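Got your viewer open? Load the model, switch to cartoon view, and keep the selection box handy for a short walk along the backbone.

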Amino acid sequence: MILCPLAEIADPGARGPFPLTVDGRPEQVFVVRMNGRVAAFVDRCPHARAPLEMAPDQFLDLSCSEILCSMHGARFDPASGRCLLGPCKGRSLQRIEVAIRDGMVVAVAGG
Ligand code: FES
């Protein structure tokens, strides 16, 4: 399923949320682009299961180096989704497999 055009994501930057069925459940997902690499995650913090963003496309910290949960400040590695700091340290966002096809970010798993 197409999530968004790659050209619409700054590097570094993020876009979302986008609706996607994941493991048979309706979820929201977001896409992160950093250092030329693209990753996508379910928009659900492993701490309190809340969405990470306060506004659309606002998934990164001020320096655009880490994913930031706006609820209680957990920080996540933008490539792996692993929590680096905060109340869910050591746990991870659920990663969604994506590919770039014809300039679009496409979810390979889920649907
Ligand atoms: S819900 Fe994300 S840090 Fe608490």
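Start by selecting residues 25-34 and 37-42: these are strands β3 and β4, which form a hairpin with 2 residues between them. (Strands here are DSSP runs of E, at least two residues long, while helices are runs of H or I of at least four; both are numbered from the N terminus.) In the turn, click on Asn35, whose phi is positive at about 55°. What you have on screen is a predicted model, in which local features need pLDDT of at least 70, side-chain atom pairs count only at pLDDT 80 or more, and totals for chains, interfaces and linings use all residues. Residue numbers run from 1 along each chain as its sequence is written.

Stay with the hairpin and show the backbone. β3 and β4 pair in the antiparallel sense over 6 bridges; strands count as paired if DSSP finds at least two bridges between them. To see one of the partnerships, pick Val29 and look across to Val42 in β4.

Which strand besides β3 can you add to β4? Select residues 95-96, and you have β8, which pairs with β4 in the antiparallel sense over 2 bridges. Put Phe41 and Arg95 in sticks: Phe41 stands opposite Arg95 in β8.

Now head into the loop between β4 and β5, where three residues deserve a click.

- Arg49 sits in this loop and has a positive phi, near 65°, without being a glycine. Arg49 is exposed because it has 8 other C-beta atoms within 10 Å (exposed means 12 or fewer within 10 Å, buried means 20 or more, and partly exposed is in between, with C-beta atoms placed from the backbone).
- Asp57, in the loop between β4 and β5 too, is another non-glycine with a positive phi, about 70°. Asp57 has 16 C-beta neighbours inside 10 Å, so it counts as partly exposed.
- Ser63 is in the loop leading to β5 (67-68). Ser63 is exposed, since 8 other C-beta atoms lie within 10 Å.

From Ser63, draw a distance to Pro12, C-alpha to C-alpha: 9.4 Å in space, although the two are 51 residues apart in sequence. Pro12 lies in the loop between β1 (2-5) and β2 (13-22). What kind of peptide bond joins Asp11 and Pro12? A cis one, with omega about 10°.

For the last stop, move along to Pro17 in strand β2. The peptide bond from Gly16 to Pro17 is cis as well, with omega near 5°.
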